[in-house]
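Reader: I am a first-year student, and I should be grateful for a close look at a single part of this structure. Please explain how the helices are arranged against each other, and describe the residues around them.

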Amino acid sequence: MKSRNFPAIPIIEAHSHRIVGSFCSTMDAVSQEELAALTQLRELTTQARDIKALIRNNPPETEKISLEKRLKELRAEAASWQEKRRQATHEKNVRLGHTILPVEEDHPPTP
């Protein structure tokens, strides 16, 4: 991606409507880690959709149980990938300066 493909968003001074700067509008660009997680989530969704279609076709009870077990496994795996995507998004926002990090105090609070 070239930065010239993304427009700059103007920063306008209050009460004077004068443009005093700009910032890049690529804040929502997806990182490689996020893209990998989203791709995996998409694949899991496709697999779950296929399994649900098989369950709707009234399979024998033993097959239905194994399909429901596989669906439960897919849901657990998807939850894990959702957390990885959330973490990747947070890390990207920290790198871009769009997240306020907690300040840890080196000394105990005074009473």
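Author: Angles between helix axes run from 0 to 180 degrees between N-to-C directions, and an angle over 145 degrees counts as roughly antiparallel. With this cut-off in hand, we may turn to the model, which is a predicted one. The axes of helix H1, residues 32–56, and helix H2, residues 61–96, cross at roughly 160°. H1 and H2 are therefore roughly antiparallel to each other. Their axes come within 9 Å, and the crossing in which H1 passes H2 is left-handed. Where H1 is in contact with H2, the residues divide into 15 nonpolar, four polar and eleven charged.

It helps to place this pair in the chain. The protein chain has two helices and two strands, and from the N terminus on its elements follow the order β-β-α-α. Of the 111 residues in the protein chain, 14% are buried. Among contacts between residues at least 6 apart in sequence, 43% join residues at least 24 apart.

What lies inside the pair? The largest nonpolar core consists of seven residues, namely Leu 44, Ala 48, Ile 51, Ile 55, Leu 67, Leu 71 and Leu 74. H1 and H2 are the elements that give two or more residues to this core, and H1 gives the most, with four residues. Leu 71 offers a good view of the core, as its contacts include the core residues Ala 48, Ile 51 and Ile 55. Leu 71 also touches Lys 52, again not counting residues up to four places away in sequence.

We may now follow the helices, beginning just before H1. Ser 31 lies in the loop between strand S2, residues 19–24, and H1. Is Ser 31 buried or exposed? Its relative accessible area is 10%, so Ser 31 is buried. Apart from neighbours within four places in sequence, Ser 31 is in contact with Ala 88, Lys 92 and Arg 95. The C-alpha atoms of Ser 31 and Glu 91 are 9.5 Å apart in space, although these residues are 60 apart in sequence.

Glu 33 comes next in this account, and its place is in helix H1. Because its relative accessibility is 47%, Glu 33 counts as partly exposed. Once neighbours within four places in sequence are left aside, Glu 33 is in contact with Ala 88 and Arg 95. Ala 88 and Arg 95 are also among the contacts of Ser 31. Between the C-alpha atoms of Glu 33 and Thr 89 the separation is 8.3 Å, while 56 residues separate the two along the chain.

A further pair is formed by Ala 79 and Leu 41, whose C-alpha atoms are 9.1 Å apart in space and which are 38 residues apart in sequence. Ala 79 is found in helix H2. With a relative accessible area of 47%, Ala 79 is partly exposed.

Finally, there is the connection from one helix to the other. Asn 58 has its place in the loop between H1 and H2. Most residues other than glycine have a negative phi. Asn 58, however, has a positive phi of about 50° although it is not a glycine. Asn 58 is exposed, because its relative accessible area is 65%.

To draw the picture together, H1 and H2 are roughly antiparallel to each other, and both give residues to the largest nonpolar core. Ser 31, in the loop before H1, is buried, whereas Asn 58, in the loop between H1 and H2, is exposed.

Note on methods: Residues are numbered from 1 along each chain as its sequence is written. This is a predicted model: local features need pLDDT of at least 70, side-chain atom pairs count only at pLDDT 80 or more; totals for chains, interfaces and linings use all residues. Side-chain values use heavy atoms; hydrogens and water are left out. Angles under 35 degrees count as roughly parallel, over 145 as roughly antiparallel, 65 to 115 as roughly perpendicular and the rest as oblique. A crossing is left-handed if the near helix is turned anticlockwise from the far one by less than a right angle, and right-handed if clockwise. Ala, Val, Leu, Ile, Met, Phe, Trp, Tyr, Cys and Pro count as nonpolar, Asp, Glu, Lys and Arg as charged, and the others, Gly among them, as polar. Buried means under 20% relative accessible area, exposed over 50%, partly exposed in between (1.4 Å probe, protein chains only). Contact means heavy atoms within 4.5 Å. A nonpolar core is a set of buried Ala, Val, Leu, Ile, Met, Phe, Trp, Tyr and Cys residues joined through side-chain atoms within 4.5 Å.
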